[in-house]
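User: I am new to this structure and would like to be guided through it. Please begin with the terms required.

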Amino acid sequence: MKKIFTLLMLSIIAVMNVNAEEQTLWEGDYNVDWDLPEADPNREWGGGEGQDVTAYFIKGEKINVYLTVAGTDYHKCQFDTWEWEALPGVDAAEFNEDTKVTIEVTDDIAAAVAEKGFRLHGHGFHVTKVTKGADDDQPAIEEEDLWSGDYNVDWDLPDGDPNREWGGGEGQDVTANFVTGAKIFVYLTVAGTDYHKCQFDNWEWEALPGISPAIEVTDDIAAAVAEKGFRLHGHGFHVTKVSKAKEVTGVKTVAAVVKNDGKYYNLRGQVVANPTKGLYIINGKKVVLK
């Protein structure tokens, strides 16, 4: 079985635990106050019985920390290692009401916690629960398949090879699904190479605006795809499925700019004066010359 190396999701959260239920790792009522003496165990959370959650800091996992305010005017929680170093990319939380903070575990966070542990410290709050997985109130995301198969992508192939990119083959035109607010999922498996990279472009080799594994389709992305299409290119992977979330709210479409000039365009949007065999676009429609 091929190993899934990424579930890239153009939505509000990343990677593998979209539909996972929350699992409680620790629960109680633990006051934290950095004004206490150094020997007091309540200067921080993480060293007490049952509080070692290091093993759950795996890339792609979500760690949820539930906090309630204590009887003070100032409430701040910091997310550190046991060497007083902030977790990479995780800001301290300042709050005035009961709250929950979710940490999406990256490679850097996982490495830091594996080496130096995890703790909470700060002032004016109680830790009541630490969990992993999706939010209790986050519904499972139902997906609608747009394309499925097993399509190798390798940018080292010659220009005319269809497997240099995904997006121009039969059933691969998913342009119409790129509407503002949509969530598009791309499933990838590793191929037999040492290097694996997927890029999200239009057919003029321009990266989609602001694309990362963790954003929704924006107006800019919708406009870019409507005008110039959508494709994947890169090296060392297979595309196995492209899907979208069924529930989309606040959707608005962006009209494509169609060139009705009778000229032949390749899939990069370039005019071809003397077309030969292959796939082209004429007056906004794809045609195959044999």
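Analyst: A polar contact is a pair of N or O atoms within 3.5 Å; within protein, one must be able to donate a hydrogen and the other to accept it, and residues adjacent in sequence count only if both atoms are side-chain atoms. This is a predicted model, in which local features need pLDDT of at least 70 and side-chain atom pairs count only at pLDDT 80 or more, while totals for chains, interfaces and linings use all residues. Residues are numbered from 1 along each chain as its sequence is written, and side-chain values use heavy atoms, leaving out hydrogens and water.

User: Which residue shares a polar contact with the side chain of threonine 180?

Analyst: Threonine 180 lies in the loop between β10 (165–166) and β11 (184–190), strands being DSSP runs of E with at least two residues, numbered from the N terminus. A side-chain polar contact of 2.7 Å links threonine 180 to aspartate 219.

User: Is threonine 180 buried or exposed?

Analyst: Buried means under 20% relative accessible area, exposed over 50%, and partly exposed in between (1.4 Å probe, protein chains only). Because its relative accessible area is 15%, threonine 180 is buried.

User: Is aspartate 108 buried or exposed?

Analyst: Aspartate 108 sits in helix α1 (residues 107–116), a helix being a DSSP run of H or I with at least four residues. Since its relative accessibility is 53%, aspartate 108 counts as exposed.

User: How many disulfides does the structure hold?

Analyst: A disulfide is a pair of cysteine sulfur atoms within 2.5 Å. The number of disulfides in the structure is 0.
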